[in-house]
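The exercises below ask for a reading of helix packing, burial and aromatic pairing. Each task is followed by a solution that goes step by step.

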Amino acid sequence: VSFVGVSFFSPTLIIIYIASKRREVLAEEIVKFSHRLVVCITDKIPLYYAIRRAGRTCKVLKPYVDDLIIDWMDNPRAAINNFGDRVGINEVLPVTNTLLASWNAPADKIIDLFHQQIRNIDTMRDFQIKKKIEGSPLRVTFIIMIPFLCAGALVMLPWYRSFQEMIKQIF
């Protein structure tokens, strides 16, 4: 019975674990991408070329940035919206909102928008880290409870067996 339960729940748990790890990697790359984008914009590079240069070193985010660059030639606004939809996590929203606000803005405004966007991303990351820290004592508590439950079961087992024998003798 336990094998059936493990085999039923393990694929779901594995997929959830892999998805959470991919989400973390994407979030880290979005932060790095944003910082590189600000450096490129500060060097007075046009936005298209800044996105292209900032996306060069990305690994997991690279296919999404490449699609953004390809779609940029047709319609920059639609390309930015598609980029946000394709990545599909909340951490990309500050980047897409800043790109939407800055794709045809003057250069000095773009720099201010990106600095504000980096502050927003850092605030969001700090909040997520605090949330993980707050949730970790519960996980530790459950992990510690497992040996205590096993020890309790081992202590109760002789009493349970003697109780069963007494019941058999009575009936």
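**Exercise 1.** Decide how α4 and α5 are oriented relative to each other, and list the residues that make their contact.

*Solution.* In this predicted model, α4 and α5 are roughly antiparallel to each other. The assignment follows from the packing angle, which is about 175° with the axes 9 Å apart, because angles over 145 degrees count as roughly antiparallel. On the α4 side the contact is made by Arg77, Ile80, Asn81, Phe83 and Gly84, and on the α5 side by Val95, Thr96, Leu99 and Leu100. Sorted by class, this contact of α4 with α5 has five nonpolar, three polar and one charged residues.

**Exercise 2.** Repeat the analysis for α3 and α4, and state the handedness of their crossing.

*Solution.* Helix α3 covers residues 62-72 and helix α4 covers residues 76-87; they pack at an angle of about 160°, with their axes 8 Å apart. That angle makes α3 roughly antiparallel to α4. The crossing of α3 and α4 is right-handed. From α3, the residues in the contact are Tyr64, Val65, Asp67, Leu68, Asp71 and Trp72, while α4 supplies Pro76, Ala79, Ile80, Asn82, Phe83, Arg86 and Val87. By class, the contact of α3 with α4 has nine nonpolar, one polar and three charged residues.

**Exercise 3.** Establish how far helix α5 is enclosed, and then examine Thr98.

*Solution.* Helix α5 spans residues 93-102, and seven of its 10 residues are buried, so α5 is largely enclosed by the rest of the structure. The buried residues are Pro94, Val95, Thr96, Thr98, Leu99, Leu100 and Ser102. For Thr98, which lies in helix α5, the relative accessibility is 8%, and Thr98 therefore counts as buried, given that buried means under 20%. If neighbours within four places in sequence are left aside, Thr98 is in contact with Leu113, Phe114 and Gln117.

**Exercise 4.** How many aromatic pairs does a search of the whole structure find, and what are the geometries of Tyr48 with Tyr49 and of Trp159 with Phe163?

*Solution.* The search finds five aromatic pairs. In the pair of Tyr48 and Tyr49, the ring centres are 5.1 Å apart and the planes stand at 80°, so this pair is edge-to-face. Tyr48 is buried at a relative accessible area of 15%, whereas Tyr49 is partly exposed at 47%. Trp159 and Phe163, by contrast, form a stacked pair, with 5.6 Å centre to centre and 15° between the planes. Trp159 and Phe163 are four residues apart in helix α6 (residues 107-170), which means that about one helical turn separates them. Trp159 counts as exposed at 52% relative accessibility, and Phe163 counts as partly exposed at 40%. As a last step, Tyr48 and Tyr49 can be placed in one aromatic cluster with Trp72, a residue that also takes part in the contact of α3 with α4.

**Exercise 5.** Describe the surroundings of Arg36, using its accessibility, its contacts and its distance from Leu61.

*Solution.* Arg36 is found in helix α1, which comprises residues 2-42. With a relative accessible area of 24%, Arg36 is partly exposed. Not counting residues up to four places away in sequence, Arg36 touches Ala54, Thr57 and Cys58. Arg36 and Leu61 are 25 residues apart in sequence, and their C-alpha atoms are 13 Å apart in space.

How values were computed:
Residues numbered from 1 in each chain as written. Predicted model: local features only at pLDDT ≥ 70, side-chain atom pairs only at ≥ 80, totals over all residues. Heavy atoms only, no water. Axes fitted to C-alpha atoms, helices over the stretch in contact; angles between N-to-C directions. Helix = DSSP H or I, 4+ residues; strand = E, 2+ residues; numbered from the N terminus. Parallel < 35°, antiparallel > 145°, perpendicular 65-115°, else oblique. Left-handed = near helix turned anticlockwise from the far one by under 90°. Contact = heavy atoms within 4.5 Å. Nonpolar A, V, L, I, M, F, W, Y, C, P; charged D, E, K, R; others polar. Buried < 20%, exposed > 50% of the residue type's maximum accessible area, 1.4 Å probe, protein only. Phe/Tyr/Trp six-rings, centres within 6.5 Å; stacked < 30°, edge-to-face > 60°.
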